[in-house]
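I wanted notes on how this chain is put together before going back to the bench. These are the entries in the order I looked things up.

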Amino acid sequence: MNRRHFLRRCGAAGTSLLATSALLSGCIPTTAKRAGVQRSYLAPDTSFTSGACGLPPVHVAAEREIRTVVGLRPYRPSGFVVRMEQLGDTRVVHNYGHGGAGITLSWGTSKLAVDLGAPGHRGPVAVLGCGAVGLANAILLQEAGYEVTIYAKALPPETTSNIAGGQWFPAYLSDPAKRTPEFNAQLLAAADYAYRRYQIMVGPRYGVRWMRNYFLNHKAFNESGYIGTQSPLRAMMPEYRDLASGEHPFAGYEHVRQLDTPIIEPPVYLAAMLDEFRIAGGKVQVRELADRAAIIALPEKLVFNCTGLGAKGLFDDAELTPVKGQLTILLPQPEVQYAVAHGDLYMFPRSDGILLGGTHEEGNWSLAPDLERKREILAEHKAFFDAFRAC
Ligand SMILES: Cc1cc2nc3c(=O)[nH]c(=O)nc-3n(C[C@H](O)[C@H](O)[C@H](O)COP(=O)(O)OP(=O)(O)OC[C@H]3O[C@@H](n4cnc5c(N)ncnc54)[C@H](O)[C@@H]3O)c2cc1C
């Protein structure tokens with residue numbers, strides 16, 4: 001079923017975050033039709049459905065910078081971990097290692113984790129971690145009827161999830177050579193659930209909206225990659241098509257592919273998720289768990305491990321490694337409602353600014369901004385947007 005049929009069939013579904021029945025029945029609420037919702041939350045600007053001509057360029061200048069931030073993606077070459085283990089009388093369900101796709105997949109891997117670990121359990125449940133993954137996991141447990149306590153060393157806005165750009169896309173998730181059929185199946189199930197879940201959250205309350213993306217390349221796209229025509233996620237990419245050279249302003253790029261994705265604004269989204277969790281009776285304890293013994297000592301006998309990069313020390317996961325990412329944010333430009341990615345560079349527009357990336361430094365634990373790289377990224381983006389041509 002394509003997105004239009006899906007939307008048409010589901011015109012009358014409910015709107016509450018905690019009301020999953022609409023989601024499970026495959027339907028989307030009518031929130032977007034209500035008066036008062038800003039247009040940009042409804043869909044990308046369809047005036048450029050027939051091509052990308054007339055896109056407003058980003059004004060890139062050092063004086064427009066409002067901040068530069070760094071975060072460490074929790075990366076595992078073989079992909080995220082959703083599995084269960086027994087520690088004494090405590091059942092631990094792991095849900096970590098999402099690399100550059102933790103906002104994207106958080107709902108989906110959490111659904112897998114809850115389905116794996118919760119059946120048969122009675123009594124309170126603990127969630128370790130309060131980033132995008134821990135919050136989604138905790139809310140799903142509440143929806144399943146459990147009393148939940150989150151234990152976390154840091155809360156939003158002090159998490160890696162707050163640094164993320166928020167594009168819904170499985171970027172920097174794993175090494176293609178290391179993916180197993182089992183992992184691919186988990187990924188597909190997780191992406192499918194997460195994709196549907198974010199659709200019932202579109203609007204200013206959660207900072208979720210649809211966005212047009214342009215992927216640019218000098219050579220033909222890898223058709224078996226995630227944006228390829230044979231991508232297993234192809235059904236989750238509405239408005240997917242290649243643009244001819246007369247249809248876009250991107251000078252020098254022969255291969256231009258467009259598709260729409262949700263974008264999630266982490267500062268808005270994570271604050272709303274934490275509120276949602278607390279309103280539903282969830283408890284939060286700011287506390288670092290030092291080791292397995294500390295986990296076994298918790299009163300809860302079912303524990304979900306959503307500690308991101310923290311799982312490396314807590315569970316001795318040698319494969320888990322940081323991938324340092326740096327973003328420079330310019331003043332907001334509300335007329336810019338599209339994202340663009342070419343090579344390592346990408347631009348996402350958000351209400352709190354224009355995000356310019358990006359860097360991917362595997363094994364680098366430093367949270368210090370690299371000022372030289374920032375200057376280079378600004379210069380490369382400036383050259384790109386200054387070269388926009390009329391079409
Ligand atoms: C520059 C950049 C851009 C990105 N862009 C995107 C994007 O566009 N889309 C996307 O989907 N993803 C993106 N990501 C990736 C995304 O940020 C991560 O995948 C995601 O934040 C992981 O979420 P998490 O909840 O697992 O981890 P975190 O947000 O790091 O949360 C971990 C939680 O566990 C707690 N914790 C850790 N150790 C312990 C312990 N021992 N005891 C108690 N608590 C502990 C922490 O305090 C925190 O609360 C980006 C990342 C970076 C750096």
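Entry 1, a strand pair. I looked up valine 125 and found that its bridge partner in β5 is valine 148. The model is a predicted one. Valine 125 opens a short stretch of interest: strand β4 covers residues 125-128 and pairs with β5 in the parallel sense over four bridges.

Entry 2, the sheet around that pair. I traced an open sheet of six strands, with the order β2-β3-β10-β4-β5-β9 and mixed pairing. Its edge strands are β2 (81-87) and β9 (283-286), each of which pairs on one side only. On average, neighbouring strands in this sheet are turned by 20 degrees against each other, direction ignored.

Entry 3, one end of the sheet. β2 and β3 run antiparallel and are joined by seven bridges. I checked one position and found arginine 83 opposite histidine 94 in β3. The two strands form a hairpin with two residues between them. In that turn, glycine 88 has a positive phi of about 60 degrees.

Entry 4, helices on the sheet. Which strands does α3 lie across? I noted β2, β3 (90-96) and β10 (302-305), with α3 running at about 165 degrees to β3. α4 lies across β3, β4, β5 and β10, and its angle to β5 is about 165 degrees.

Entry 5, the nonpolar core. The largest nonpolar core has 97 residues, and Leu135 and Met347 have the most contacts inside it. α4 gives the most to this core, with eight residues. I then listed the contacts of leucine 135, leaving aside its neighbours within four places in sequence: Cys130, Leu270, Met273, Leu274 and Phe277.

Entry 6, the ligand. I counted 40 residues surrounding the ligand. The closest are Gly102, Gly131, Gly308, Gly310 and Gly325. Elements giving two or more residues to this shell are β1 (65-75), α3 (102-117), α4 (132-143), β5 (148-152) and β11 (321-330). By class, the shell has 18 nonpolar, 19 polar and three charged residues. Two of the names here, α3 and α4, were already in my notes as helices lying across strands.

Entry 7, strand β12. Why do I call β12 largely enclosed by the rest of the structure? Four of the five residues in this strand (residues 338-342) are buried, so the description fits. Strand β6 (residues 208-217) pairs with β12 in the parallel sense over five bridges. Within that pairing, phenylalanine 215 stands opposite alanine 341. β12 also runs antiparallel to strand β13 (residues 345-350), joined by three bridges. There, histidine 342 has leucine 345 as its bridge partner. β12 and β13 form a hairpin with two residues between them, and glycine 343 in the turn has a positive phi of about 60 degrees.

Entry 8, proline 267. This residue lies in helix α6 (residues 266-279). Buried or partly exposed? I have proline 267 down as partly exposed, because 17 C-beta neighbours lie inside 10 Å. Not counting residues up to four places away in sequence, proline 267 touches Pro157, Asn162 and Asp352. The C-alpha atoms of proline 267 and serine 161 are separated by 8.7 Å, although these residues are 106 apart along the chain.

Entry 9, cis peptide bonds. Proline 157, one of those contacts, is joined to proline 156 by a cis peptide bond with omega of about 15 degrees. Proline 157 is in the loop between β5 and α5 (181-199). Another cis bond joins glycine 357 and glycine 358, with omega of about 5 degrees. Glycine 358 sits in the loop between β14 (353-357) and β15 (361-362).

Entry 10, positive phi outside glycine. Glutamate 239 has phi near 60 degrees and is in the loop between β6 and β7 (241-243). With 16 C-beta neighbours inside 10 Å, glutamate 239 counts as partly exposed. Aspartate 316 has phi near 50 degrees and is in the loop between α8 (311-314) and β11. Aspartate 316 is exposed, with 10 other C-beta atoms within 10 Å.

Entry 11, totals. I recorded nine helices and 15 strands in the protein. Buried residues make up 44% of the 391 residues. Among contacts between residues at least 6 apart in sequence, 76% join residues at least 24 apart.

Methods
Residues numbered from 1 in each chain as written. Predicted model: local features only at pLDDT ≥ 70, side-chain atom pairs only at ≥ 80, totals over all residues. Near = placed C-beta within 6 Å. Nonpolar A, V, L, I, M, F, W, Y, C, P; charged D, E, K, R; others polar. Core = buried A, V, L, I, M, F, W, Y, C linked by C-beta atoms within 7 Å. Buried ≥ 20, exposed ≤ 12 C-beta atoms within 10 Å, placed from the backbone. Contact = placed C-beta atoms within 7 Å. Pairing = 2+ DSSP bridges. Axes fitted to C-alpha atoms, helices over the stretch in contact; angles between N-to-C directions.
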